[in-house]
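This briefing sets out the interior of one protein model for computational work. It proceeds by topic, from the overall fold to single residues.

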Amino acid sequence: MSGLLVAGTTSDAGKSVVTTGLCRAFARRGVKVAPYKAQNMSNNSMVCAGPEGAMAEIGRAQWVQARAAKVTPEPAMNPVLLKPGSDRRSHVVLMGHPAGEVSSHDWEAGRRHLATAAHAAYDDLASRFDVIVAEGAGSPAEINLRAGDYVNMGLARHAGLPTVVVGDIDRGGVFAAMYGTLALLEPEDQALISGFVINKFRGDLGLLKPGLESLESLTERPVFGVLPWEPSLWLDSEDALDLDGRRAEAGATRKVAVVRLPRISNFTDVDALGLEPDLDVVFASSPADVADADLVVLPGTRSTISDLAWLRSRGLDVAIVEHVRRGRPLLGICGGFQMLGGVIADPSGVEGAVAEVEGLGLLDVRTDFTPAKNLRLPTGSALGVEASGYEIHHGRITRGDGVEAFLGGARAGNVFGTMWHGSLEGDALRGAFLEATLDRAPSEVSFPAARERRLDLIGDLVEEHLDVDALLDLARGTAGRAASASERVETNTVPSSATADRVGLDTPPPSGSGGSTSGVDDGSTSGGIR
């Protein structure tokens, strides 16, 4: 099998960025490449076509990575998607469709069948693509979870994948994190670690060089490159770690307040608004945050009834009603739209306990949750323009006489509700919506073009700052010697590898990764990884 696993020292270390960039860089070389993540835990997901045209749900990150690879997204690229329902229980999406739940109490035993399905999906992709760039999850050094791991080193062992560990230097302690990651692994797992990539570096590479050389010497693994800090880098996110990174540049004149629900999902719906030059998109968690907003957005949520209770506990329900009373616009998306209605009923306990609650009463609609999940890629029109999006929901909407239809949802005056995620990514619809709500003419911003530019930027950064040829050879099993750290720094690019002068591991890295292949401790070292 030809493939590469991109692991990380922590969550949000840069695995998605490196995976996405390598997909674009490999595709530019004419390689038929596919992204893959055995298990994603995220409430940000996307709809794609599955076998025989049936709709399926996968993690948003893998959908974007498929776009970077210039291939069609499919369920096998993210065979297991866990959608957190609480701190200890997650809803399982297996090969694009609901498949029960998994809890912290049966974390290992309850996931064995998921591992089998995930590895089968990898094998299927590997039979149809030249190279698979697999993204790990969290850290491979989460040794408390290693027995049931099928995403990091469990996957690497299954497919014999050389593994690159990414670390975020902006957090500090990156050398300790990389060295420690390797040190904590079993010898068989250590043998698959082929090198490192440092992410988010800002400063003088010359000052970093001694650390790179020491890391390479201690671990006998190369550093394949150092990605710089790039403030304009912005991927469709898979979790809520970077919600605060969507502020506009100085000069924005209108404020868009997006309510930061505890179980917020598909918050990428507002990414397109963040590109508009005169809009400042902020995430709100208190009444004061929405008091001066020009537009309020209630986004999707994994748990509509629980998040509605949270909304009321904060007094945000009163603030939102007051916002509408003053004649200002409100947009609810999926679960956020359901909160705006009259009644939300969950007779089957889809979201947990059986319940029926009152909504905010701003739209004449009723929501009934049913066990079957609706997955669609709808198209239509609204506000005089064509529109499209995607639907992922259990709730079924019934509109009353007091509203008009709007993108699978309802509208009454300045209160809009839609079941279509991603509709604002359409330039025509977004322009018409902002004209109707904020009385502003459509801008020249194109969201699809902006996304493609972002993917090209990530590809460019990877091409310029990582040893892409060495990584491709590594994935293909034809790796040779990579440039040394000193050589790369002195050519004003980035470090890659150094000849190790100390044996640090009982088990060598895969052939061609830059380390010793003897695996012999000659007694000349001190402090090496044992």
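What percentage of the 530 residues of the protein count as buried? The share is 56%, where buried means under 20% relative accessible area with a 1.4 Å probe and protein chains only, exposed means over 50%, and partly exposed lies in between. The model is predicted, so local features need pLDDT of at least 70 and side-chain atom pairs count only at pLDDT 80 or more, while totals for chains, interfaces and linings use all residues. Residues are numbered from 1 along each chain as its sequence is written, and side-chain values use heavy atoms, with hydrogens and water left out.

**Overall fold**

- The protein has 16 helices and 27 strands; these are DSSP runs numbered from the N terminus, helices being H or I of at least four residues and strands E of at least two.
- Among contacts (heavy atoms within 4.5 Å) between residues at least 6 apart in sequence, 72% join residues at least 24 apart.

**Nonpolar cores**

- A nonpolar core is a set of buried Ala, Val, Leu, Ile, Met, Phe, Trp, Tyr and Cys residues joined through side-chain atoms within 4.5 Å.
- The largest such core contains 84 residues, and Leu-22, Phe-26, Val-33, Tyr-36 and Leu-471 have the most contacts inside it.
- Separate from it is a second core of 56 residues, including Leu-261, Leu-340, Ala-387 and Phe-406.
- Apart from neighbours within four places in sequence, Phe-26 is in contact with Val-31, Val-33, Val-131, Val-133, Val-468, Leu-471 and Leu-472.
- In soluble globular proteins, nonpolar side chains tend to be buried together.

**Helices H2, H3 and H5**

- Nine of the 10 residues of H2 are buried, so this helix is largely enclosed by the rest of the structure.
- Among the buried residues of H2 are Arg-60, Trp-63 and Gln-65.
- Just after H2, Lys-70 adopts a positive phi of about 60 degrees.
- Helix H3 (residues 112-128) holds Ala-121, which counts as buried at 5% relative accessibility.
- Outside its neighbours within four places in sequence, Ala-121 is in contact with Tyr-36, Ala-76, Pro-79 and Met-95.
- Ala-121 lies 83 residues from Ala-38 in sequence, and 8.3 Å separates the two in space, C-alpha to C-alpha.
- In helix H5 (residues 174-184), the buried residues are Val-174, Met-178, Thr-181 and Leu-182.
- Seen down the axis of H5, these buried residues fall within an arc of 90 degrees, so they line one face of the helix; the arc is that of the directions from the helix axis to the C-beta atoms.
- The partners against which the buried residues of H5 pack are strand E10 (163-168), helix H6 (187-190), strand E11 (193-201) and helix H7 (205-219).

**Second largest pocket**

- On a 1 Å grid over the protein atoms alone, a cavity is a set of points where a 1.4 Å probe fits but cannot get out, a pocket is an open set with protein on both sides within 12 Å along at least five of seven lines, and lining residues have an atom within 4 Å of a point.
- The second largest pocket has a volume of about 310 Å³, a volume being the space filled by probe spheres set on the points.
- Its lining comprises 21 residues, of which Met-46, Trp-63, Ser-388, Gly-389 and Glu-425 are the closest to the centre.
- Strand E4 (45-49), helix H2 (60-69), strand E23 (385-388) and helix H14 (447-465) each supply at least two lining residues, and E4 gives the largest share, four.

**Cavities**

- The count comes to three cavities of 30 Å³ or more.
- The largest cavity has a volume of about 200 Å³; of its 18 lining residues, Thr-301, Arg-302, Ile-392, His-393 and His-394 are the closest to its centre.
- Strand E24 gives the most to the lining of the largest cavity, with four residues.
- The second largest cavity holds about 60 Å³ of space, and Asp-269, Phe-406 and Trp-420 are among its lining residues.

**Ile-392**

- Ile-392 is found in strand E24 and counts as buried at 8% relative accessibility.
- Not counting residues up to four places away in sequence, Ile-392 touches ten residues' worth of surroundings that include Met-46, Lys-83, Cys-334 and His-421.
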